[in-house]
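Colleague: Please take a single part of this model and go through it closely. I would like the cut-offs stated as you come to them.

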Amino acid sequence: MTAFDAAFREQLCELIRWRRDVRRFRRDPLPPGTLEHLLDLASLAPSVGLSQPWRFVLVDDAARRAAVRDNFRRANAEALGAYDGEQAERYAKLKLAGLEEAPLQLAVFADRGTEQGHGLGRRTMPEMAEYSAVMAIHTLWLVARAEGLGLGWVSILEPAEMARILETPPAWIFLGYFCLGYPQRADARPELEREGWERRRGWESFLLRR
């Protein structure tokens with residue numbers, strides 16, 4: 001078993017602290033092979049029954065990207081309508097996606113219909129397929145940051161419309177659309193915290209003892 005020294009552990013802590021949901025990207029293209037390297041590492045994420053139910057859809061087509069942006073604009077306008085007063089004003093000022101700038105964009109789905117893993121661990125909790133795919137997303141997020149890249153998760157989208165735009169199989173469940181590229185700036189503080197939308201809380205707020 002590989003031993004990780006104190007210096008490595010501290011670097012790992014720094015990586016986790018500096019992982020950000022990036023919305024502001026430079027337009028510089030990524031070096032050849034970057035995506036393949038990131039997805040290779042993301043596919044080492046844990047998954048229920050070793051099912052690896054994550055499905056990545058690379059979106060290069062200009063018409064499909066435009067359709068995704070239209071989907072976002074409609075969903076974002078509906079989301080804005082759910083807020084009132086000062087909170088609505090604050091929401092309207094937030095930049096919530098890098099769809100115009102990010103050089104690389106991909107959607108992630110979970111395949112509940114996969115036969116890999118032979119259903120182990122999913123009989124009583126079929127949603128474990130989605131949880132496993134989210135583990136791959138988190139792994140991708142960390143390794144991207146380690147490469148000096150930013151990843152932004154766009155969830156303000158209508159899932160059924162995304163499946164139609166990308167022509168994916170019916171058993172695939174849409175989890176999110178991701179923008180990947182070099183961030184305009186690096187900051188250890190979440191942008192939503194900087195913009196006064198919410199503040200990050202410590203683990204004490206989420207622990208229930210029984």
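**Salt bridges and strand 2**

Modeller: Glu198 has a relative accessible area of 44%, so this residue is partly exposed (buried is under 20% relative accessible area, exposed is over 50%, and partly exposed lies in between, with a 1.4 Å probe and protein chains only). The model is a predicted one, in which local features need pLDDT of at least 70 and side-chain atom pairs count only at pLDDT 80 or more, while totals for chains, interfaces and linings use all residues. Residues are numbered from 1 along each chain as its sequence is written, and side-chain values use heavy atoms, with hydrogens and water left out.

The partner of Glu198 is Arg201: the two form a salt bridge whose closest N and O atoms are 3.1 Å apart. A salt bridge here is a side-chain nitrogen of Lys or Arg within 4 Å of a carboxyl oxygen of Asp or Glu. Arg201 is also partly exposed, because its relative accessibility is 38%. The structure holds 18 salt bridges. One of them joins the side chains of Arg17 and Glu10 at 3.5 Å, N to O. Arg17 is partly exposed at 42% relative accessibility, and Glu10 is partly exposed with a relative accessible area of 42%. Elsewhere, a network of salt bridges links Arg69, Asp70, Arg73 and Glu100.

The pair that leads into strand 2 is Asp111 and Arg55, whose side chains meet in a salt bridge of 3.1 Å, N to O. This pair links distant parts of the chain, with Asp111 in strand 2 and Arg55 in strand 1, 56 residues apart. Helices (H or I, at least four residues) and strands (E, at least two) are DSSP runs, numbered from the N terminus. Asp111 counts as buried because its relative accessibility is 9%, and Arg55 counts as buried because its value is 18%.

Asp111 fits the rest of its strand in this respect. Strand 2 is mostly covered, with 8 of its 8 residues buried. In a regular strand the side chains alternate between the two faces of the sheet. On one side of strand 2 are Leu104, Leu106, Val108 and Ala110, on the other Gln105, Ala107, Phe109 and Asp111, and all of these are buried.

Strand 2 has partners in strand 1 and strand 4. It runs antiparallel to strand 1, to which 5 bridges join it; two strands pair if DSSP finds at least two bridges between them. In this pairing, Leu58 stands opposite Leu106 of strand 2. Strand 4 also runs antiparallel to strand 2, and 8 bridges join the two. Here Leu104 stands opposite Leu180 of strand 4. Strand 4 pairs in turn with strand 3, in the antiparallel sense and over 5 bridges, and Trp153 stands opposite Phe178 of strand 4. Strand 3 is largely enclosed by the rest of the structure because 4 of its 5 residues are buried.

Ahead of strand 2, Pro103 sits in the loop between helix 4 (85-93) and strand 2. Pro103 is partly exposed, with a relative accessible area of 24%. Not counting residues up to four places away in sequence, it touches Arg26, Arg27, Asp28, Pro29, Leu30, Arg65, Leu180 and Gly181; a contact means heavy atoms within 4.5 Å. The C-alpha atoms of Pro103 and Tyr182 are 8.7 Å apart, although 79 residues separate the two along the chain.

Helix 5 completes the picture. What covers its buried residues includes helix 1, helix 2 (34-42), strand 1 (54-58), strand 2 (104-111), strand 3 (150-154) and strand 4 (172-181). Among the buried residues of helix 5 are Ala133, Ile137, Leu140, Trp141 and Ala144. An α-helix has 3.6 residues a turn, so residues three or four places apart point the same way. Helix 5 (residues 128-146) has 19 residues and reaches 27 Å from its first C-alpha to its last, close to the 27 Å expected at 1.5 Å a residue; the expected span is 1.5 Å times one less than the number of residues. Just after helix 5, Gly148 takes a positive phi of about 80°.
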